[in-house]
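Me: Could we go through this structure together? I should like to begin with how the chains meet and then turn to the empty spaces and the backbone.

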Number of protein chains: 2
Amino acid sequence: MDKIRIGIVGYGNLGKSVEAGVLQNKDMELVAVFSRRGAAGVKTATPGIPVYTLDAVKDMTDKIDVMLLCGGSRTDVPEQGPMVAALYNMVDGFDTHAKIPSYFAEVDALSRKAGKTCVVSSGWDPGMFSISRVYADAILPVGKTYTFWGKGVSQGHSDALRRVPGILDAKQYTIPVEAALEAVRSGSAPELTTREKHKRVCYVVAADSADRASIVEEIKTMPDYFSDYDTEVNFISQEELNRDHAGLPHGGMVISSGTTGLHGENTHTIEYRLRLDSNPDFTANVMLAYARAAFCLNREGNTGAKTVVDIAPAYLSSRSAEELRKDFI
Amino acid sequence: MDKIRIGIVGYGNLGKSVEAGVLQNKDMELVAVFSRRGAAGVKTATPGIPVYTLDAVKDMTDKIDVMLLCGGSRTDVPEQGPMVAALYNMVDGFDTHAKIPSYFAEVDALSRKAGKTCVVSSGWDPGMFSISRVYADAILPVGKTYTFWGKGVSQGHSDALRRVPGILDAKQYTIPVEAALEAVRSGSAPELTTREKHKRVCYVVAADSADRASIVEEIKTMPDYFSDYDTEVNFISQEELNRDHAGLPHGGMVISSGTTGLHGENTHTIEYRLRLDSNPDFTANVMLAYARAAFCLNREGNTGAKTVVDIAPAYLSSRSAEELRKDFI
């Protein structure tokens with residue numbers, strides 16, 4: 001059988017993880033990497049993979065079955081998504097929640113016109129967590145769903161820390177509050193404030209000359225990022241940061257509870273939980289499973305934009321329908 | 001909008017739970033109950049629902065959109081499924097794993113010919129657990145998936161206990177072994193025997209004249225049911241059994257772990273967990289969500305048999321695609 005030919009647009013953490021993920025999927029092969037830096041600026045981990053600049057994307061339509069967008073959601077994906085969707089089957093992890101409906105509509109129109117199939121906003125949140133929210137809401141109509149993130153590194157919050165004067169380097173962990181998890185798992189369906197759900201723990205490398213007290217003050221009062229949370233600030237050395245906080249672990253859980261019975265006498269909880277050593281690796285593997293789905297849907301003539309909830313689980317699998325029925329149902 | 005008209009075949013625990021579940025779904029209405037006992041032998045919880053014998057199933061094709069099979073998988077569903085599939089959209093919870101492929105094929109042929117859509121083997125296992133196994137296997141190709149059941153009441157094992165001479169009544173709980181859960185969650189992908197995964201705890205009401213030691217011996221050595229497990233037997237009074245063990249709680253978890261990275265250096269775990277006060281209530285609610293899916297798929301002309309992994313999550317929801325994208329992705 002011919003392999004599914006994968007292209008990667010953007011060769012940062014996520015692009016590198018997709019490259020490694022392709023090697024785990026026997027029905028896929030990596031054909032090319034596209035990066036702003038081009039071949040001169042990029043050395044792939046897999047030998048022999050050609051690297052092109054973004055200009056070359058338009059020239060490979062006969063060589064690539066599914067393109068995976070691995071740039072950032074702030075500027076890269078909104079710009080590249082429509083361009084790629086007009087030429088290729090595509091998978092992205094667009095995660096700017098407020099803009100998903102308009103981005104989806106744009107990609108849908110372009111891909112439909114081009115006869116291509118695009119999976120928008122895959123990954124784990126949005127992605128697997130979205131699926132869990134939809135299933136739980138459908139199964140427990142009298143219920144409530146909560147999403148918790150962490151323990152994990154937030155890139156956005158780490159970046160915000162590094163913009164504080166006097167901070168040389170930093171890493172921020174988002175951590176669910178244990179009491180909130182317990183309350184939700186009990187089925188009591190509590191009302192929870194932002195502060196009650198998550199806390200934020202910062203590891204900060206400060207300049208020798210910096211005033212630590214004012215750094216702490218500035219972090220804890222930073223609007224949007226920290227002021228609504230209980231925030232802990234730990235000063236450590238650059239060596240400690242490099243040694244103990246180099247990874248990008250993440251995870252979280254979608255927990256739903258609901259009642260059933262003629263008098264609401266029975267309570268049920270559904271929990272979908274992820275513990276990830278590497279946020280980009282896991283995201284990449286989800287995107288690759290949806291690349292398989294996009295490829296198969298397109299072969300069936302099912303074109304346009306989809307989100308993860310529009311795609312049946314079996315499309316993600318390389319196994320036959322018979323094998324799934326025999327061994328997985 | 002017209003409501004989805006539901007029929008129930010079989011009015012035991014599951015049928016009663018479906019009846020209660022329909023009331024939670026604003027887009028559904030219960031039209032009729034079919035039972036071997038007929039109207040004289042059945043009193044529904046909802047006033048005004050007509051009850052018919054099974055003979056009447058064939059006469060209601062213009063009044064019912066989706067029929068839910070609520071009988072047992074041993075004899076009822078294999079007999080009723082093909083009969084109903086030739087006339088109605090249908091949802092069942094057929095759970096005799098070894099026979100799912102042949103049952104699926106039979107229902108598929110009949111429903112395709114009739115232009116109907118049938119969801120086979122829904123519920124939670126098979127059902128939501130099947131979905132979790134397929135997603136995890138697709139996302140973590142280098143990985144391993146484990147299914148644990150409990151803590152919960154096993155009807156089959158409780159029945160087996162009640163067949164032991166000297167036992168008047170009994171309830172059996174299946175319980176995952178904590179050490180096995182820990183090992184699996186750690187990502188170590190252990191090999192586990194049947195005994196290492198689950199233990200069995202029995203609450204037994206014995207006749208006054210019975211020899212308790214020989215009852216314990218007979219239980220612990222019973223092949224298939226108990227001999228492969230560590231089994232605990234507790235003698236209690238009928239009053240205690242009625243008071244403390246009247247419910248049908250269940251649950252369990254599908255836990256997958258896998259590695260990623262060029263050198264398998266990152267480990268991930270995915271856990272889908274259910275804690276259910278009432279096994280039949282939860283099963284019923286899953287079946288109702290798939291009744292909605294069967295109805296919608298049929299309207300789109302997508303006929304034949306499906307399992308839960310063949311159906312996109314959005315079909316289970318009463319919400320619009322726009323609402324799902326805006327609030328759930």
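Reply: The turns below take up the interface, the cavity, a pocket, one asparagine and some backbone details. Please bear in mind that this is a predicted model.

Me: How many residues of chain B are in contact with chain A?
Reply: On the chain B side there are 65 residues in contact, and they meet 65 residues of chain A. Between them the two chains bury about 5800 Å², with 62% of that area on carbon and sulfur atoms.

Me: And how many salt bridges are there between chain B and chain A?
Reply: The count is 4 salt bridges. One of the pairings between the chains is that of B:Glu271 with A:Arg275, where the closest N and O atoms are 3.6 Å apart. Polar contacts between chain B and chain A involve 26 residue pairs, counted with both residues at pLDDT 80 or more.

Me: Which elements of chain B give residues to the side that touches chain A?
Reply: Two or more residues each come from helix H4 (100-114), H5, strand E12 (250-260), E13, helix H11 (279-299) and helix H12 (321-327) of chain B. E13(B) has the largest share, at 11 residues.

Me: How do the residues on that side of chain B divide into nonpolar, polar and charged?
Reply: There are 35 nonpolar, 16 polar and 14 charged residues on the side of chain B that touches chain A.

Me: Now the empty space. How many cavities of 30 Å³ or more are there?
Reply: The count is 1 cavity, and its volume is about 180 Å³. It is lined by 18 residues, and those closest to its centre are A:Ser132, A:Tyr135, A:Tyr272, B:Ser132 and B:Tyr272.

Me: Which elements supply at least two residues of that cavity lining?
Reply: From chain A they are helix H5 (128-139), strand E12 (250-260) and strand E13 (266-276). From chain B they are helix H5 (128-139) and strand E13 (266-276). E13(B) is also the element with the largest share of the side of chain B that touches chain A.

Me: What classes of residue make up the lining of the cavity?
Reply: The lining has 15 nonpolar and 3 polar residues, and no charged residues.

Me: Let us change to pockets. What is the volume of the second largest pocket?
Reply: It holds about 1700 Å³ of space. Of its 48 lining residues, the closest to the centre are B:Ser73, B:Asp95, B:Gln155, B:Gly156 and B:Asn279.

Me: Which element gives the most to that lining?
Reply: H6(B) does, with 4 residues. The elements of chain B that give two or more residues are helix H1 (13-22), helix H3 (76-85), helix H6 (155-162), strand E10 (198-206) and H11. By class, this pocket lining has 17 nonpolar, 22 polar and 9 charged residues.

Me: A single residue next. Where is A:Asn298?
Reply: A:Asn298 is in helix H11 (residues 279-299) of chain A. Although A:Cys118 is 180 residues away in sequence, the C-alpha atoms of A:Asn298 and A:Cys118 are 9.0 Å apart.

Me: What is A:Asn298 in contact with, leaving aside its neighbours within four places in sequence?
Reply: Its contacts are A:Asn89, A:Gly115, A:Lys116, A:Thr117 and A:Thr303. With A:Thr117 there is a polar contact from side chain to side chain, at 3.1 Å.

Me: Finally, the backbone. Which residues does a cis peptide bond join?
Reply: One such bond joins B:Gly150 and B:Lys151, with omega about 0 degrees. B:Lys151 is in the loop between strand E7 (143-149) and strand E8 (152-153) of chain B. The bond from B:Asp125 to B:Pro126 is cis too, with omega near 0 degrees, and B:Pro126 is in the loop between strand E6 (117-119) and H5 of chain B.

Me: And what is the phi of A:Ala189?
Reply: A:Ala189 has a positive phi of about 50 degrees, although it is not a glycine. A:Ala189 is in the loop between helix H7 (178-185) and helix H8 (194-197) of chain A.

Me: Why do these backbone details deserve a remark?
Reply: They do so because most residues other than glycine have a negative phi, and most peptide bonds are trans.

Methods:
Residues numbered from 1 in each chain as written. Chains lettered and ligands numbered in written order. Predicted model: local features only at pLDDT ≥ 70, side-chain atom pairs only at ≥ 80, totals over all residues. Heavy atoms only, no water. 1 Å grid on protein atoms, 1.4 Å probe; cavity = no way out; pocket = protein on both sides within 12 Å on 5 of 7 lines; lining within 4 Å. Points joined across faces, edges and corners; volume = space filled by probe spheres on them. Nonpolar A, V, L, I, M, F, W, Y, C, P; charged D, E, K, R; others polar. Contact = heavy atoms within 4.5 Å. Buried area = accessible area lost by both parts, 1.4 Å probe. Salt bridge = Lys/Arg side-chain N within 4 Å of Asp/Glu carboxyl O. Polar contact = N/O pair within 3.5 Å; in protein donor to acceptor, adjacent residues only side chain to side chain.
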